[in-house]
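These are short notes for someone opening this structure for the first time. Please read them with the sequence and the view at hand.

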Amino acid sequence: MSFSFSGIDHIQIAGPKGCEEDARLFYEGLLGMDEIPKPENLRARGGCWFQCGYQEIHIGVQEDFLPAKKAHPGILVKGLLELRKRLEDEGVVIKEDAPIEGRIRFSVNDPFGNKIEFLEML
């Protein structure tokens, strides 16, 4: 083959119109991700972007929004149990996922009902 994949640049998560402030409270305020500026030519679409390790999470506005209950990002975390405690302390409902050998994991819903999985490799 003359091509190869080198990774994922970003994921897009949908939210309803006007979701930006709640997205900032969750992804930046609660999770501690830094908001990064959207390119000027995309700002009129709404939404906001966050840095997640070397990747980005883009929250995009979807007019006919329905939360993603099954499809989800799996976000790698160092210190997963500390994140879990922080989320529990803030009243976020933790959902246990089926075990996978070599990792610990759980999921939550973002403010819009989208499933977000957090995991740490053992």
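1. Where is the place of Pro99? Pro99 sits in the loop between strand S6 (95-96) and S7. The model is a predicted one. In it, Pro99 has a relative accessible area of 81%, and because exposed means over 50%, Pro99 counts as exposed. Its C-alpha atom and that of Leu80 are separated by 15 Å, and the two residues are 19 apart along the chain.

2. Helix H1 covers residues 20-30, and its buried residues are Glu20, Ala23, Phe26, Tyr27 and Leu30. An α-helix has 3.6 residues a turn, so residues three or four places apart point the same way. The buried residues of H1 pack against two groups of elements: the strands S1 (10-15), S3 (48-52), S4 (55-61), S7 (103-109) and S8 (115-121), and the helix H2 (80-89). After H1 comes Gly32, with a positive phi near 85°.

3. The largest nonpolar core has 27 residues, and those that touch the most other members are Tyr27, Ile59, Leu87, Val108 and Phe118. At least two residues of this core come from each of S1, H1, S3, S4, H2, S7 and S8. H1 gives the largest share, four residues.

4. Ile59 deserves a separate look. Apart from neighbours within four places in sequence, Ile59 is in contact with Ile13, Cys19, Ala23, Tyr27, Gly47, Cys48, Trp49, Phe50 and Phe112. Two of these contacts, Ala23 and Tyr27, are among the buried residues of H1.

5. How many salt bridges does the structure hold? There are seven. One of them joins Arg43 to Glu40, with the closest N and O atoms 2.7 Å apart. Arg43 is partly exposed, at 42% relative accessibility, while Glu40 is exposed, at 59%.

6. Lys85 and Asp89 form another salt bridge, at 2.8 Å from N to O. The two lie about one helical turn apart, because they are four residues from each other in helix H2. Both Lys85 and Asp89 are exposed.

7. Is the salt-bridged pair Glu117 and Arg105 buried or exposed? The N to O distance of this pair is 3.0 Å. Glu117 belongs to strand S8 and Arg105 to strand S7, 12 residues apart, and the pair links distant parts of the chain. Both Glu117 and Arg105 are buried.

8. Finally, a network. Arg84, Glu88 and Glu96 are joined into one network by salt bridges that share partners.

How values were computed:
Residues numbered from 1 in each chain as written. Predicted model: local features only at pLDDT ≥ 70, side-chain atom pairs only at ≥ 80, totals over all residues. Heavy atoms only, no water. Buried < 20%, exposed > 50% of the residue type's maximum accessible area, 1.4 Å probe, protein only. Contact = heavy atoms within 4.5 Å. Core = buried A, V, L, I, M, F, W, Y, C linked by side-chain atoms within 4.5 Å. Salt bridge = Lys/Arg side-chain N within 4 Å of Asp/Glu carboxyl O.
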